[in-house]
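Me: I should like to take a close look at a single part of this protein, and then to see how that part sits within the whole. Please explain the matter step by step, as for a first-year student.

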Amino acid sequence: MIFNNALRYLYRAFGTFALFISILYPATAQQLTGRVVDKTNNSPLIGASSVWKGTTKGTSTDAAGNFTLQLADAATPEIIVSYLGYKPDTINVSGKTNITVALTSTGSLKEVVVEGQQTRYSALTPTNSQIITTRDLEKSACCNLAESFETNASVEVTTTDAVSGAKQIQMLGLDGSYTLLTTDNVPALRGLSTPYRLNYLSGTYIESIDIIKGMGSVLNGYESISGQVNVKLRDPEKTERLYLNLYGNSLAKFDANLNVSAQVNPKWSTLLMLHSDHLGNRVDRNKDGFMDLALGTHHNVYNKWKYTHGDTWVSEFGFNALRETKLGGQMNYVKGEAVSPTQHYGTESETGRLSFFNKTSYIFPGRPYQSLGLITSGVHHKFNSLYGRRQYNGEQNTGDLRFIFQSIIGHTGHTYKVGASFLYDDYTERLEQTRLARTERVPGIFAEYIFNNAENLTIVAGARTDFHNLYGTVFTPRLNVKYDLTPNTIFRVATGKGFRIANPISENTAALVSNRAFTFREALEPEKAWNVGGSFTQYFELGGRPGAFITDYYYTTFQNQVVADMYSSANQVEFYNLQGRSFSRSFQAELQYEVLKGFDVKTAYKYFDVQTAYNGVLQQRPMIPQHRFFVNLGFATPFDKWRADLTTQFFGQMPLAYMEGHGGKVDVRKSDAFYTLNGQVSRAFKRWEIYVGGENLLNYRQPDAIRGADNPFGPEFDTSMVWGPITGRVIYAGIRFKIE
């Protein structure tokens, strides 16, 4: 009797426990998960088809090559996996819950040219992401990263001043310093490299660029506030064996680029990329006595290696070295003259930079969803510069380490990533008699959870806690949600917090090219901001042609910001912590449509409302247009034999900082509204391609770009109020040569 009661009790207890397990993990036994890869190099196959044999029930692999099938849809215990250019395979999955399928490439497709378009706005990512493809990059001169955004509406590139030629990006109406710039998802070109960082990556190094608006992943650190620009460098395994690009323009600026790749053995591949450019011709088209562009020479070397061992180990590492010299100012200025008692005004700079990175991942055998990753990088950046009689020198040494573990909870619909990081930043700056130095040591931990119901909902929730040796504990939460109302109608929302330490001098070098004094009112605190926003994407087909409509809105509000105040005085720029509000409202609507086969139209409208409290008074931030229109027309014949692209942009009026006019009167100014027009035509042969193009074809130039140009050492001299083109029309031509 007692024995029977005990059995009944154990039976009920086991039933309750089984019911609990079935509720907690209902999908574990109901799903088959897997990954589809290339058999030769183990790279994921994106968009591969996995279908239950004898049914139409199936799915496609995601960006990591993963897929999920419901066991309830099976008619037999076999699935058919197929991908264009690969031999299909039939796999018996009886008794299995997770598999890896390695497909073999078919040699018969090596000479087939597949025509089509890559969707520039990703439908897969939970973030609002846009892709600038290799094809997009070749629509313009694209000599460096600054020129890579000319046919893109989401990122603006602005000239910082009328002498040095430095350029910066803007996103969501905010300066480029609030955008995290990464190369192969490794933070790069930050800190003291900010003024000229867009010159430090050649366009020929780049395979594609991912633009992420709003808050991205916590895995890449805490510094992103307005978004992230990830530059994907060319892959040693997949890029051309030889790529040559030669360029020259009507200002007598010349570029030479050479990429050489080699498959050393089945496990090792390498890529060597070389870039040099030179401008030695003095140009003064607006007749103000100053060179329109700084003279300069730039040499850049990048060597990248990749190691693959079976299905488990993948490692990439690379080294980059560059040296750049620049000289600008008055037409008669010669090097070293600024420190002599002569009256010619000039600027000089010499920059040396060394950097390296390593990314190593280990995938657990039989568990393609589980991996370990180690990412390390280091930078040594040093420069000496002269602005008139002001000397500004700096040095930065940075080390960054991240360790990441990724796995699943039950099945691939629940994925998580956890890890730890350590950032070391050592800065030394000297401006005349002012010395700024700091050393940051920031250990941190982070976690990210991804939910994907394999149908229409993706949630990415992450947080990190960093322990800053100077500013204490920093908590950074972020959230991204993607919901597919239909396969062609997608909603996204994002929110999160960003934190960064400003480098006020290097981020405002434009003001150095003036006689404004740099004044620090108080000890500057870290910048902190919240960003919230979302996007709506609608893919459609009209007249048998594909199109997309995308609109987004983002609101950024600062808890603290380092204010560079040029409103309060014409003779100085004052730095202080935010006293009041500072925010940015950004709205964009974009339409892309293939009007005719080979003829694409892309048009966009942008609205910015960016305001900051200057001395407690809320005012529009200078040199940011409230209204901007963008139109890009692209035409290509079959197989891209002929290509033509035309991009026009309209910039509305921009507020300018107050300047003291003649007689002590305050001059409140606004810029003009203006248009720019860029175009390019290219002709492709079997291995050669010739291109001819023009920038600023309407030849619009900002009038009086330099204030007080006739007396550069006087109190009114200022070149920082630049809101339009300086050089006027520029015609260029070049050739590309490729061996696949």
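How many bridges join β30 to strand β31, and in which sense do the two strands run?

Reply: The model is a predicted one. In it, β30 is joined to strand β31 (residues 545-560) by 15 bridges, and the two strands run antiparallel. One position along this pairing can be inspected directly: Y539 stands opposite A548 in β31. The two strands form a hairpin, with two residues between them. In the turn lies G543, which has a positive phi of about 65 degrees.

Strand β30 also has a second partner. Twelve bridges join it, as residues 527-542, to strand β28 (residues 489-500), and this pairing is likewise described as antiparallel. Here R492 has S535 in β30 as its bridge partner. Thus β30 is joined to β28 and to β31.

From the hairpin one may pass to residues elsewhere in the chain. S584 belongs to strand β34 (residues 582-596). Its C-alpha atom is separated by 8.9 Å from that of F558, although the two residues are 26 apart along the chain. S584 has a relative accessibility of 1%, and because buried means under 20%, it counts as buried. Apart from neighbours within four places in sequence, the residues in contact with S584 include Y554, Y555 and T556. Others in contact with S584 are L172, G173, L174, D609 and V610. With L172 there is a polar contact in particular: the side chain of S584 reaches the backbone oxygen of L172 at 2.6 Å.

N577 offers a second example. This residue is found in strand β33 (residues 572-577), and its relative accessible area of 9% places it among the buried residues. A polar atom of the N577 side chain lies 3.0 Å from the backbone oxygen of A523. When neighbours within four places in sequence are left aside, N577 is in contact with E522, A523, L524, E525, N560 and Q561.

The interior of the protein may be considered next. The largest nonpolar core has 72 residues. Those with the most contacts inside this core are L145, F149, I209, V229, V231, Y392 and F518. A second, separate core has 15 residues, including V36, A48, Y86 and I91.

Of the residues named for the largest core, V231 may be followed further. V231 is found in strand β15 (residues 227-233) and is buried, with a relative accessible area of 0%. Beyond its neighbours within four places in sequence, V231 is in contact with L145, L181, T182, T183, D184, L201, I206 and S208. For D184, the separation can be stated: its C-alpha atom is 6.0 Å from that of V231, while the two residues are 47 apart along the chain.

Strand β8 (residues 128-132) shows burial across an entire strand. Five of its five residues are buried, so β8 is largely enclosed by the rest of the structure. As a general rule, the side chains of a regular strand alternate between the two faces of the sheet. In β8, N128, Q130 and I132 lie on one side and S129 and I131 on the other, and all are buried, with both faces covered. The strand pairs with β14 (residues 206-213) over five bridges in the antiparallel sense, and I131 stands opposite D210 in β14.

A further arrangement is an open sheet of three strands, in the order β4-β1-β7, with mixed pairing. The edge strands are β4 (66-70) and β7 (98-103), each of which pairs on one side only. From one strand to the next the twist averages 30 degrees. Strand β1 (residues 31-38) is joined to β7 by six bridges, and these two strands run parallel. The bridge partner of T33 in β7 is N98.

Finally, these parts may be placed in the whole. The protein chain has two helices and 43 strands. Of its 740 residues, 54% count as buried. Among contacts between residues at least 6 apart in sequence, 64% join residues at least 24 apart. The C-alpha trace spans about 110 × 65 × 50 Å along its principal axes. The radius of gyration is 28 Å, which agrees with the value near 27 Å that a compact globule of 740 residues would have.

How values were computed. Residues are numbered from 1 along each chain as its sequence is written. This is a predicted model: local features need pLDDT of at least 70, side-chain atom pairs count only at pLDDT 80 or more; totals for chains, interfaces and linings use all residues. Side-chain values use heavy atoms; hydrogens and water are left out. Two strands pair if DSSP finds at least two bridges between them. Helices (H or I, at least four residues) and strands (E, at least two) are DSSP runs, numbered from the N terminus. A nonpolar core is a set of buried Ala, Val, Leu, Ile, Met, Phe, Trp, Tyr and Cys residues joined through side-chain atoms within 4.5 Å. Buried means under 20% relative accessible area, exposed over 50%, partly exposed in between (1.4 Å probe, protein chains only). Axes are lines fitted to C-alpha atoms, for helices over the stretch in contact, and angles run from 0 to 180 degrees between N-to-C directions. Contact means heavy atoms within 4.5 Å. A polar contact is a pair of N or O atoms within 3.5 Å; within protein, one must be able to donate a hydrogen and the other to accept it, and residues adjacent in sequence count only if both atoms are side-chain atoms. The radius of gyration is taken over C-alpha atoms; the globule rule is 2.2 Å times the number of residues to the power 0.38.
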